[in-house]
Amino acid sequence: MTTTSADGLMPFYAMEILNRARALEAEGRSICHLELGEPGQPPAPRVLEAVAKALPDPQGYTNAKGLLALRQGLAAYYSSQHGVAVDPELMLATMGSSSGFVLAFHTAFRPGARIAITRPGYPAYVNTLLGLGFGVAEIPVSAANGWHLTGADIAAAHALQPFEGLLFASPANPTGAAVDRKQLADIVDTCARLGVRLISDEIYHGLDYRGASVSALELTRDAIVINSFSKYYCMTGWRIGWMVLPEDLIRRGEILQQNLFISAPTLSQIAARVALGERDYAEEQKAAYAQNRTLLADGLREIGFDLASAGDGAFYAYAGIRDFANDSMRFCLDMLQQAGVAATPGVDFDRSEGNGFVRFSFAGTRPSIEMALERLRAFVRAGS
Ligand SMILES: Cc1ncc(COP(=O)(O)O)c(C=O)c1O
C-alpha cells in the first residue's frame with residue numbers, strides 16, 4: 001500500500017482504505033465510513049429536477065469558460081456572500097476543484113516552478129504538483145497554533161527555500177483550520193511582498209462553524225481562487241467547480257481549458273446553476289455536520305485521542321494517536337479490520353509527522369458516527 005514512485009508520487013490513502021473497506025463489506029462486514037470527505041446526502045431536490053428536465057436535450061460542449069448563466073449566478077454569489085463584484089468573464093467552470101488546480105498551476109507557472117503548500121495538507125496538492133513536474137515547498141503548521149498558517153510562517157519558509165506560488169485552503173483539509181479576515185490579510189500581504197502568487201482553495205467555504213469564511217477576492221485581485229460544488233452543495237460525483245482568475249491570467253487559463261478539457265460537463269453546469277439558489281438546503285446539511293462535529297470531538301477525546309481543536313470548518317477531525325500507536329497506516333488498517341471503522345491515516349496528509357495522526361470525517365450520518373465511537377471505544381480498550 002505504501003508504493004512511492006521515483007518522483008515522490010504517492011497513492012491517495014483515503015481511497016485505498018475505501019477500497020479495503022468495500023472489500024470487507026463484500027464479505028458481509030459492517031463498516032462505519034469515516035474515511036472520505038463526502039457528504040452523505042444528495043444534492044438539493046430542485047437540482048435533480050432541473051437535471052431531469054434538461055436530460056433529453058442534446059448535451060453538447062459549452063464554451064470553455066462555461067455557461068454564462070452559471071457564471072452570472074456565481075457573480076451574484078460573490079456579491080451577496082462576500083460583498084464583491086466579480087466579472088463573470090474572469091471565471092472558468094471546472095471539473096471539480098481538482099481540474100482547477102491543474103489549470104491554475106499551468107496558467108500561473110511553468111513546470112519546474114516551486115509551489116508552497118501547508119503540511120499537513122490535502123494529499124492531492126503534493127501529488128498533483130509532483131506528477132505535473134512542479135516542485136513543492138512544505139510549510140509546517142502545528143496543533144499548538146490551531147493548525148493556522150501565518151504570514152511569518154510563509155516568510156520563514158520562503159527565506160529557507162524560495163517559491164513562486166502558495167496553494168492554501170481555508171477551511172483546511174485535514175485539520176479544519178480556518179483563518180479570519182485579519183489572518184487572511186496577513187497571508188495575502190506576505191505573498192504580495194514576496195512576489196508569491198496565491199492560489200486560494202475555497203472549497204470548504206460555507207462549512208464554517210466559527211464565522212463566515214472570507215474569500216481572498218475580498219482582499220486582492222491577484223490571487224487565483226478555486227472553489228467547487230462538491231462539498232457545500234453535496235455534489236462530489238458531479239465533478240463541477242469553478243475558478244476566478246486575475247485579469248493577467250484569464251486568457252491563458254481559457255486557452256488551457258479549451259485544450260485540456262474543452263469544457264466542464266454541461267449537465268453538471270446546469271445542476272450547479274440551480275444549486276447556487278439552494279443554500280437553505282446546504283445550510284440544513286451544515287447544521288447536521290455541526291452536530292456531528294461536537295459528537296465526534298467529544299467522543300474522540302473521551303476515548304483518549306488527542307484533539308486540541310474540533311476544527312473551525314470543513315468536516316474533519318485530525319486526531320493525535322500517540323497514546324495508541326506510532327504508525328498511522330497500521331493503526332487504520334487494524335481499526336478497519338478489527339473494529340470495522342474506516343478512517344484515513346495521517347501519512348496521507350503529512351509524510352513527515354503524519355504517523356501520529358488519523359483523520360476522521362464527520363460528513364456522514366449521526367448514527368454512523370455514534371456506532372463508530374462505540375466500536376472505537378472497544379477497539380482501544382482491547383489494544384491497551
Ligand atoms: C482541500 C480540498 N481541495 C480540493 C478537493 C477536491 O475536490 P473536488 O475536485 O471534488 O472539487 C478536496 C477534496 O476532498 C479537498 O479536501
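**Entry 1: Phe168.** I began with Phe168 in this predicted model, and I noted that Phe168 is buried because 25 other C-beta atoms lie within 10 Å, where 20 or more are needed for that label. I located Phe168 in strand β5, which covers residues 165–169. I then looked up what Phe168 touches once its neighbours within four places in sequence are left aside, and I found contacts with Thr118, Leu149, Ile187, Leu198, Ser200 and Asp201. I also checked Asn145, which is 23 residues from Phe168 in sequence, and I read a C-alpha to C-alpha separation of 16 Å in space.

**Entry 2: strand β8.** I turned next to strand β8, residues 241–244, where I saw that Gly241 and Met243 point one way while Trp242 and Val244 point the other way, and that all of them are buried. I set beside this the general rule that in a regular strand the side chains alternate between the two faces of the sheet. For the partners of β8, I found that strand β2, residues 91–94, runs antiparallel to β8 and is joined to it by four bridges, with Met91 having Val244 as its bridge partner in β8. Strand β7, residues 224–228, is likewise antiparallel to β8 and joined to it by four bridges, and here I noted Ser228 opposite Gly241.

**Entry 3: the ligand shell.** I met Ser228 again when I listed the surroundings of the ligand, which has 13 residues around it, the closest being Gly96, Ser98, Asn173, Ser228 and Ser230. I looked up which element gives the most to this shell, and I found helix α4, residues 96–108, with three residues. Sorting the shell by class, I recorded nine polar residues, three nonpolar and one charged.

**Entry 4: the two domains.** I finished with the domain assignment of the chain, in which domain 1 is made of 13–42 together with 280–379, and domain 2 of 54–278. I noted a distance of 25 Å between the C-alpha centres of domain 1 and domain 2, and I found 29 residues of domain 1 in contact with 27 residues of domain 2. On the side of domain 1 that touches domain 2, α10 (279–303) and β9 (316–320) each supply at least two residues, and I recorded α10 as giving the most, with eight residues. By class, I listed that side of domain 1 as 12 nonpolar, nine polar and eight charged residues.

Conventions:
Residues numbered from 1 in each chain as written. Predicted model: local features only at pLDDT ≥ 70, side-chain atom pairs only at ≥ 80, totals over all residues. Domains from an automatic or database assignment. Contact = placed C-beta atoms within 7 Å. Nonpolar A, V, L, I, M, F, W, Y, C, P; charged D, E, K, R; others polar. Near = placed C-beta within 6 Å. Buried ≥ 20, exposed ≤ 12 C-beta atoms within 10 Å, placed from the backbone. Pairing = 2+ DSSP bridges.
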